[in-house]
Amino acid sequence: MAENNFKPLVVWLILNGKTEDALELLAKTYRVNVPTLKVGLPKKHKIKAYGCYIAKNKTISVQNSDVLINPFVILHEFYHHLRSKGVDKMHRGTEGNADKFALDFLMHYQLSSKKTQDYIS
Ligand SMILES: [Zn+2]
């Protein structure tokens, strides 16, 4: 798949409730295992987090089903999944990079949907 289409497609899939398909596509592209996706945060994470990633069981947990279709949160947590397979099991210090990773996808999505709009109008 062309790199140009990959990022907008991932965002589109998440926005359309196909988050598991998006994670499969991401995992395939980055050659990692597909993370488990769960609605409901572990108790200790209750404090205002939309999502979290638990490296121990490779699980992305989201606060509720609304967050399931939030590409920023899903991609942010997927970044932690990507990183967790390295030596550095703790993902401390990579929050900024996780945000950048997610924003990059959103930017490509916006660019491509803008192109589509230009084409339609
Ligand atoms: Zn994070």
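Where does Lys58 lie? Lys58 lies in the loop between S2 and S3. I'll come back to that residue, once the rest of the chain is in place. One caution before we go on: this is a predicted model.

Let's start with the overall layout. The protein chain has 121 residues, and 37% of them count as buried. Its secondary structure comes to 4 helices and 3 strands. Read from the N terminus, the order of elements is α-α-β-β-β-α-α. Now contacts. Take those between residues at least 6 apart in sequence: 49% of them join residues at least 24 apart.

Next, the sheet. It is an open sheet of 3 strands, in the order S1-S3-S2, and the pairing is mixed. Strand S1, residues 36-39, and strand S2, residues 51-54, stand at the edges. Each has a single partner strand, so one side of each is left without a neighbour in the sheet. From one strand to the next, the twist averages 20 degrees.

What packs on this sheet? Helix H3 does, touching S1, S2 and S3. The direction of H3 makes about 15 degrees with that of S2.

Now the pairing in detail. S2 and strand S3, residues 59-62, run antiparallel, joined by 4 bridges. S1 and S3 run parallel, and 4 bridges join them too. Look at Ser61 in S3. On the S2 side, Ser61 is the bridge partner of Cys52. For Lys38, the bridge partner in S3 is again Ser61. One further pair: Ile54 stands opposite Thr59 in S3.

Which way do the residues of S3 point? Thr59 and Ser61 point one way, while Ile60 and Val62 point the other way. All of them are buried.

Back to Lys58, as promised. The hairpin of S2 and S3 has 4 residues between the strands, and Lys58 takes a positive phi there, near 50 degrees. Most residues other than glycine have a negative phi. Lys58 is not a glycine, yet its phi is positive. Is Lys58 buried, partly exposed or exposed? Lys58 is partly exposed, because its relative accessible area is 33%.

There is another residue of this kind. Arg31 is not a glycine either, and its phi is positive, at about 55 degrees. Arg31 is found in the loop between H2 and S1. Its relative accessibility is 73%, so Arg31 counts as exposed.

Over to the metal. What coordinates the zinc ion? The donors are His76 through NE2, His80 through NE2, and Glu95 through OE, with Glu95 listed twice. The distances run from 2.1 to 2.5 Å. Along the sequence, the donor residues are spaced H-x3-H-x14-E. His80 sits in helix H3, residues 71-84, and Glu95 in helix H4, residues 95-120. These two are 15 residues apart, and the pair links distant parts of the chain.

Why is the arrangement around the zinc ion irregular? The 4 donor atoms subtend angles of 54 to 128 degrees. A tetrahedral site needs all angles between 85 and 135 degrees. The range here starts at 54 degrees, so the tetrahedral label does not apply.

How do the donor residues differ in exposure? His80 counts as buried, because its relative accessibility is 1%. Glu95 is partly exposed, with a relative accessible area of 38%.

Now a charged pair. How many salt bridges does a search of the whole structure find? It finds 1. The side chains of Lys7 and Asp104 meet in it, at 2.5 Å from N to O. Lys7 lies in helix H1, residues 3-15, and Asp104 in helix H4, so the pair ties together parts that are 97 residues apart in sequence. Lys7 counts as buried, at 10% relative accessibility. Asp104 is partly exposed, with a relative accessible area of 26%.

Last stop: Ala22. Its place is in helix H2, residues 19-30. Is Ala22 buried or exposed? Ala22 is buried, with a relative accessible area of 0%. Which residues is Ala22 in contact with, leaving aside neighbours within four places in sequence? They are Val10, Leu13 and Ile14. From Ala22 to Phe6 the separation is 16 residues in sequence, and 9.9 Å in space, C-alpha to C-alpha.

To recap: a sheet ordered S1-S3-S2, H3 packed on that sheet, a zinc ion held by His76, His80 and Glu95, and a salt bridge between Lys7 and Asp104.

Conventions:
Residues are numbered from 1 along each chain as its sequence is written. This is a predicted model: local features need pLDDT of at least 70, side-chain atom pairs count only at pLDDT 80 or more; totals for chains, interfaces and linings use all residues. Side-chain values use heavy atoms; hydrogens and water are left out. Donors are N, O and S atoms within 2.8 Å of the metal (3.2 Å for Na, K and Ca); water is not among the atoms, so sites may look incomplete. Four donors count as tetrahedral if all angles lie between 85 and 135 degrees; four count as square planar and six as octahedral if opposite donors are over 155 degrees apart and all others between 65 and 115; anything else is irregular. Buried means under 20% relative accessible area, exposed over 50%, partly exposed in between (1.4 Å probe, protein chains only). A salt bridge is a side-chain nitrogen of Lys or Arg within 4 Å of a carboxyl oxygen of Asp or Glu. Two strands pair if DSSP finds at least two bridges between them. Axes are lines fitted to C-alpha atoms, for helices over the stretch in contact, and angles run from 0 to 180 degrees between N-to-C directions. Contact means heavy atoms within 4.5 Å.
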